[in-house]
Amino acid sequence: MEKYDTNDTKSLDREEFTRVFMDCLNSFSTTEDLLHDQFKKIDINNDGFITSEELKNILLYGEERLTEEEADSIIKEFDKNEDGKVSIKEFLEGALGKI
Ligand SMILES: [Ca+2]
Ligand SMILES: [Ca+2]
């Protein structure tokens, strides 16, 4: 936790949290094919969309515990068409930095 808390606030602000999440993704994969695999792992019910609920479940296995608000804010980060879910396209664009 401390290594991400760069401004020493003892809690993660939104920017810091996004970095934790991106580090998390980067540690899994950097290529599009591997991101596809990662998407499938997060998409627990296989409907082709990542919801904040699924995100919370998957990240609970890591060191960081996500609150509902944090999961929602990550979804919003990726959710370009604002339907509350992240599609594979939105996920790849967000993760690879494409527009
Ligand atoms: Ca899903
Ligand atoms: Ca969306």
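The following dialogue examines how several labels in this predicted model are justified.

The model is predicted: local features need pLDDT of at least 70, side-chain atom pairs count only at pLDDT 80 or more, and totals for chains, interfaces and linings use all residues. Residues are numbered from 1 along each chain as its sequence is written, while chains are lettered from A and ligands numbered from 1 in the order in which they are written.

Reader: Why is Thr 67 counted as exposed?

Author: A residue is exposed if 12 or fewer other C-beta atoms lie within 10 Å of its own, buried if there are 20 or more, and partly exposed in between, with C-beta atoms placed from the backbone. Thr 67 has 9 C-beta neighbours inside 10 Å, so it counts as exposed. Thr 67 is placed in the loop between α3 (52–59) and α4; helices (H or I, at least four residues) and strands (E, at least two) are DSSP runs, numbered from the N terminus.

Reader: What makes the buried residues of α5 line one face of the helix?

Author: Glu 90, Phe 91 and Ala 95 are buried in α5. Seen down the helix axis, the buried residues of α5 fall within an arc of 120°, so they line one face; the arc is that of the directions from the axis to the C-beta atoms. The face turned away from this buried side carries the exposed residues Lys 89 and Leu 96.

Reader: Which element gives the most to the largest nonpolar core?

Author: Such a core is a set of buried Ala, Val, Leu, Ile, Met, Phe, Trp, Tyr and Cys residues joined through C-beta atoms within 7 Å. The largest has 12 residues, including Leu 55 and Phe 91. α4 gives the most, with three residues.
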